[in-house]
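Me: I'd like a close look at just one part of this model, with the reasoning spelled out. Here's what I have in front of me.

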Amino acid sequence: MLVDYHMHLENGPKELSYVEKFLKTAKERGISEIGISEHCYRFHEAKHLLDNEWTAKRNVDSLKEYLDLLNEAKSRGWPIKIGIEIDYIPENEELIRDFVAKYEWDYVLGSVHWLGSFGFDLKENLAIWEKSNIEELWKQYFNTLLQAARSGIFDSLPHPDLIKIYGFYPQNDLSDFLNQIFEEIAKTGVALEASTAGWRKPIGEMYPSEFILGLIKKHNIPLTLASDAHFAEDVGKDFNKMIPLLHKAGFSEFVSFERRQKKLERLNK
Ligand SMILES: [Zn+2]
Ligand SMILES: [Zn+2]
């Protein structure tokens, strides 16, 4: 069994026929279950969790409609899990916790895309990168990721080295720092995500890097599998490239979720 637990419906109509397209691609790529994980900032009901100039323009959907649609798909026996991708904003931790508790999810993803007011993965913010202290940004990113893990709110943390997205690497070797971060994340029980999306981004490699994958393995952190598809044709994309890399790094299992209960699954060749 193979699953893809990270994808977005935002570019299409909120209709069963659209969900079906995602399932169709999954099936073609040998993936038997998909998890939909829409960006939380899109929902009116979650506006208070992250409200800035960029998200305000995109706060256009109804969470109720989203959940109704996915529950309808599930009730038809479609192999779908209900997830959400929430931006982890440290100051809003309690608001996020209350929001998550209000609804029924199969799993909840906690992402770091914002460091303060800096949406570091947005193309329009590339100029900010140019004049930033790269090492400080990297440390801030991974400290925030650890904080997200320690919050206990999330089941998995997506694209755990997203900070590399535009290829800005610190000059100093951060290996020891990173080792400590992942050692601490391991104590929280949260899963981390292996994602093929990095191959479709300027960095041109999967999330996380081979080095960080090694740390995840060393500290026995469970993995979820993801494409982060924003279009149906990207569901399960490059899984045939990612899975051999996971095997090479020593992984023989991944995790699935049902109503937030984690289950280990065999990662077949
Ligand atoms: Zn993300
Ligand atoms: Zn995503």
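Which residues are exposed on the other side of α3?

Reply: Keep in mind that this is a predicted model. With that said, K64, D68 and S75 are the exposed ones there.

Now for the side they face away from. Y66, L69, L70 and A73 are the buried residues of α3. Looking down the helix axis, you'd find these buried residues within an arc of 90°, so they line one face of α3. The spacing fits with how helices are built: an α-helix has 3.6 residues a turn, so residues three or four places apart point the same way.

What sits over that buried face? The cover for the buried residues of α3 includes α1 (16–28), β2 (33–39) and β3 (80–87). So picture α3 with Y66, L69, L70 and A73 buried, covered by elements including α1, β2 and β3, while K64, D68 and S75 are exposed on the other side.

You can check the length of the helix as well. α3 takes in residues 63–75, which is 13 residues, and at 1.5 Å a residue they should span 18 Å. The C-alpha atoms at its two ends are 18 Å apart, so the expected span and the model agree.

Finally, have a look at what comes after the helix. α3 is followed by G77, and the phi of this glycine is positive, near 85°.

Terms used: Residues are numbered from 1 along each chain as its sequence is written. Chains are lettered from A and ligands numbered from 1 in the order in which they are written. This is a predicted model: local features need pLDDT of at least 70, side-chain atom pairs count only at pLDDT 80 or more; totals for chains, interfaces and linings use all residues. Helices (H or I, at least four residues) and strands (E, at least two) are DSSP runs, numbered from the N terminus. The expected span of a helix is 1.5 Å times one less than its number of residues. A residue is buried if 20 or more other C-beta atoms lie within 10 Å of its own, exposed if 12 or fewer, and partly exposed in between; C-beta atoms are placed from the backbone. The arc is that of the directions from the helix axis to the C-beta atoms. Two residues are in contact if their C-beta atoms, placed from the backbone, lie within 7 Å.
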